[in-house]
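Me: I have a structure open on my screen and would like to talk it through with someone. Could you go over it with me, one question at a time?

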Amino acid sequence: MNQVQGNETVKLHYTGKLNDGQVFDSSLKREPLEVKLGEGRLIPGFEKGLVNMKVNDKKTITIPKEEAYGEVQKELFQKIPNENLPQEIKPEVGMGLVSKNPDGSERQLRVSDVKDTFIIVDANHPLAGQDLTFELELLEIK
């Protein structure tokens, strides 16, 4: 297979950056990412960026927020009274929390504001609302 069509398993290194150049994730100091394309495991813009790449190709792609983690959704902010928090937790802005859903699954939350009697948590993906840049290096097509 000469180039990525969109349904193969690929192995690659990547570095993800925000608009200000801050690196938020990179595979360079660990094993390369190996993933089967077309299964929805990657954000759409990342997968699109791999199409037509050949082994050993390197490229930089910019993914608009609409093809990444979407816009920040205001309905994913929730007010939680302090009495509903475990006593051992002292919430701080930016702190990560985990909430159990009725079906037993877990939801990642971040504390976005702390008031005297309640906190505001944000269930948006931490990268929601941001355009992302990725440096890609395709290592293998299976």
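Reply: Happy to help; this is a predicted model, and we will take its sheet, salt bridges, pocket and loops in turn.

Me: Let's start with the open sheet of four strands. What is the order of its strands?

Reply: The sheet is open and has four strands. Their pairing is antiparallel, and the order is β5-β8-β7-β6.

Me: Which strands stand at the edges of that sheet, and why is one side of each left without a neighbour?

Reply: Go by the number of partners: an edge strand here has a single partner strand, so one side of it has no neighbour in the sheet. That applies to residues 77-81 and to residues 96-100. The edge strands are therefore β5 and β6.

Me: By how many degrees are neighbouring strands of this sheet turned against each other on average?

Reply: The figure is an average over neighbouring strands of the sheet, with direction ignored. On that basis the turn is 45 degrees.

Me: Which residue in β8 stands opposite Ile80?

Reply: β5 and β8 run antiparallel, and five bridges join them. The β8 strand covers residues 118-122. Within it, the residue opposite Ile80 is Ile119.

Me: On to charges. How many salt bridges does a search of the whole structure find?

Reply: Side chains of opposite charge can pair when their charged atoms come close. Here the search covers the whole structure, and the number of salt bridges is 10.

Me: How far apart in sequence are the parts that Lys11 and Glu140 tie together?

Reply: The two residues form a salt bridge, with the closest N and O atoms 3.9 Å apart. Lys11 belongs to strand β1 (residues 9-17) and Glu140 to strand β9 (residues 132-141), so this pair ties together parts of the chain separated in sequence by 129 residues.

Me: Is Lys11 buried or partly exposed?

Reply: Buried would require under 20% relative accessible area. Lys11 has 23% relative accessibility, so this residue counts as partly exposed. Its partner Glu140, at 30%, is also described as partly exposed.

Me: Which residues are linked with Lys11 in a network of salt bridges?

Reply: We have already met the pair of Lys11 and Glu140. That pair belongs to a network, and the residues linked with Lys11 in it are Glu34, Glu140 and Lys142.

Me: Which residue forms a salt bridge with Glu135?

Reply: Glu135 is in strand β9, and its partner is in strand β1, 118 residues apart. The closest N and O atoms are 2.9 Å apart. Glu135 has a relative accessible area of 34% and is partly exposed, while the partner, at 23%, counts as partly exposed. The residue is Lys17.

Me: Which residue is the bridge partner of Lys17 in β2?

Reply: This one concerns strand pairing: β1 and β2 run antiparallel, joined by three bridges. In β2, the partner of Lys17 is Val23.

Me: Which residue takes a positive phi in the hairpin of β1 and β2?

Reply: Look at the five residues between the two strands of the hairpin. The phi in question is near 90 degrees, and the residue is Gly21.

Me: What about the salt bridge of Glu67 and Lys48: is Lys48 buried or exposed?

Reply: The two side chains meet at 3.1 Å, N to O. Glu67 lies in the loop between β4 and β5, and Lys48 in helix α1 (residues 44-50). Glu67 counts as partly exposed at 26%. Exposed means over 50%, and Lys48 has a relative accessible area of 52%, so Lys48 is exposed.

Me: Now the largest pocket. How many nonpolar residues does its lining have?

Reply: The largest pocket has a volume of about 220 Å³. Of the 13 residues that line it, those closest to its centre are Tyr14, Asp25, Leu42, Tyr69 and Phe134. The elements giving two or more residues to the lining are β2, β3 and β9. By class, the lining has two charged residues, no polar ones, and a nonpolar count of 11.

Me: Last one: is Asn56 buried or exposed?

Reply: Asn56 is found in the loop between α1 and β4 and has a positive phi of about 80 degrees although it is not a glycine. Asn52 lies in the loop between α1 and β4, has a positive phi of about 75 degrees, and counts as partly exposed at 47%. With exposed set at over 50%, the 57% relative accessibility of Asn56 means that this residue counts as exposed.

How values were computed:
Residues numbered from 1 in each chain as written. Predicted model: local features only at pLDDT ≥ 70, side-chain atom pairs only at ≥ 80, totals over all residues. Heavy atoms only, no water. Pairing = 2+ DSSP bridges. Axes fitted to C-alpha atoms, helices over the stretch in contact; angles between N-to-C directions. Salt bridge = Lys/Arg side-chain N within 4 Å of Asp/Glu carboxyl O. Buried < 20%, exposed > 50% of the residue type's maximum accessible area, 1.4 Å probe, protein only. 1 Å grid on protein atoms, 1.4 Å probe; cavity = no way out; pocket = protein on both sides within 12 Å on 5 of 7 lines; lining within 4 Å. Points joined across faces, edges and corners; volume = space filled by probe spheres on them. Nonpolar A, V, L, I, M, F, W, Y, C, P; charged D, E, K, R; others polar.
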